[in-house]
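Work through the exercises below with the sequence and the structure open. Each task is followed by a solution in steps.

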Amino acid sequence: MNTVRKLLKIDYIEEKGFIGQDIVVAILDTGMAEHPDLKEKIILFKDFVGNREKCYDDNGHGTHVAGILGGSGQMSGGILSGIAPLCRFVIVKVLDQKGEANVASILAGLKWVEMNHRKYKIRIVNLSAGAGENLEPGKEKMLIEAVEHLWDLGLVVVVSSGNNGPGEGTIAIPGNSRKVITVGAVKTEKAEKGSCSGAGPTKECVVKPDVIAPGYQIISCNSQIHGKKDAYTVKSGSSMATPVVSGAVALLMEKYPRITNVEVKLRLRETCIHLPGAGEQGWGMLNIRDFLKL
């Protein structure tokens, strides 16, 4: 079992003062539970599944993702804090109790972010979900256009590659968009026994994922918490790797407040490290120190 902080040696970065202070991230997922590590981080909750007003997570996926991205680590004495522990969240529930979604709920969530990103100062969108290759062509186009429209508005859109790999052409939709940053999980021996991150190329011959990050056997916030013993749980997949990259972007935006999404993507391309034997990895693995130029 791993903590992304140890895998990325991020404590050094926090010592330099980068903690994602007040960077707002929209997390489109299963919602978020009332976990002590995530307390007072939510700016707003919007539910496109159950239309409820109070924030909740009836699956656990979204809570785990949020913890990786920006959990405080309170229940672990700071050991299990997220990448950007002082970032803030706009939680948009688009996935149901099974962690599944219809295209309409995801589109509604993306449209809501489009209409409200300025109001809530959203700079990053994290979507640790995607549809398979059997999705109707018309719906595939709508999803891709929706995330690309957010990108064109200046938001950094970070999406997962899915877990249908390692075969070619298995990138989840809308991770096959040429514009957004698509994240896969670093290939490990444990990953070989289960699902592997989706791989490119896309139908348009675009290499994907763009970047890989730690995503297997990751410890993060548990949505069903009754005390310290069950405060954290372990999950694996590209869904876990995606908030690692989103968190790194939050740190970069804290350091360079005026940086654009295009500049963020170029910085990733320039600083990633190629890992022999790691499978399809695009530019390589996130190298957070070089990414932040520390």
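Two strands count as paired if DSSP finds at least two bridges between them. The model used here is predicted.

**Exercise 1.** Find the residue that is the bridge partner of aspartate 29 in E3, and describe how E1 pairs with E3 and E4.

Solution.
1. Aspartate 29 belongs to strand E1, residues 24–29.
2. E1 and E3 are parallel and share 6 bridges; in E3, lysine 93 is the bridge partner of aspartate 29.
3. E1 also runs parallel to E4, with 5 bridges joining them. Valine 25 has isoleucine 124 of E4 as its bridge partner.

**Exercise 2.** Sort the residues of E1 by the way they point, and decide whether they are buried or exposed.

Solution.
1. In a regular strand, side chains alternate between the two faces of the sheet.
2. Val24, Ala26 and Leu28 point one way, while Val25, Ile27 and Asp29 point the other way.
3. Both sets are buried, so the count is 6 of 6 residues, with buried meaning under 20% relative accessible area.

**Exercise 3.** What is the nearest side chain of opposite charge to aspartate 29, and what does the side chain of aspartate 29 reach?

Solution.
1. The nearest side chain of opposite charge is that of lysine 93, 7.7 Å away.
2. A salt bridge requires a distance within 4 Å; buried aspartate 29 has none.
3. The side chain of aspartate 29 does reach the backbone nitrogen of glycine 62, at 3.2 Å.
4. Beyond four places in sequence, aspartate 29 touches several residues, including His61, Val65, Val92 and Ser128.

**Exercise 4.** Check the span of helix H4, and determine how many of its residues are buried.

Solution.
1. H4 covers residues 103–116, which is 14 residues.
2. At 1.5 Å a residue the expected span is 20 Å, and the end C-alpha atoms are 20 Å apart, so the two agree.
3. Of the 14 residues, 10 are buried, so H4 is largely enclosed by the rest of the structure. Among them are Ile106, Leu110, Trp112 and Glu114.
4. The buried residues of H4 pack against E1, E2, E3, E4 and helix H5.

**Exercise 5.** Where are asparagine 51 and glutamine 217, each with a positive phi of about 55°?

Solution.
1. Asparagine 51 sits in the loop between E2 and helix H3. It counts as exposed because its relative accessibility is 63%.
2. Glutamine 217 sits in the loop between E7 and strand E8. Its relative accessibility is 25%, so glutamine 217 counts as partly exposed.
3. Neither asparagine 51 nor glutamine 217 is a glycine.

Note on methods
Residues numbered from 1 in each chain as written. Predicted model: local features only at pLDDT ≥ 70, side-chain atom pairs only at ≥ 80, totals over all residues. Heavy atoms only, no water. Helix = DSSP H or I, 4+ residues; strand = E, 2+ residues; numbered from the N terminus. Buried < 20%, exposed > 50% of the residue type's maximum accessible area, 1.4 Å probe, protein only. Lys, Arg positive; Asp, Glu negative; His and termini not counted. Polar contact = N/O pair within 3.5 Å; in protein donor to acceptor, adjacent residues only side chain to side chain. Contact = heavy atoms within 4.5 Å. Expected span 1.5 Å × (residues − 1).
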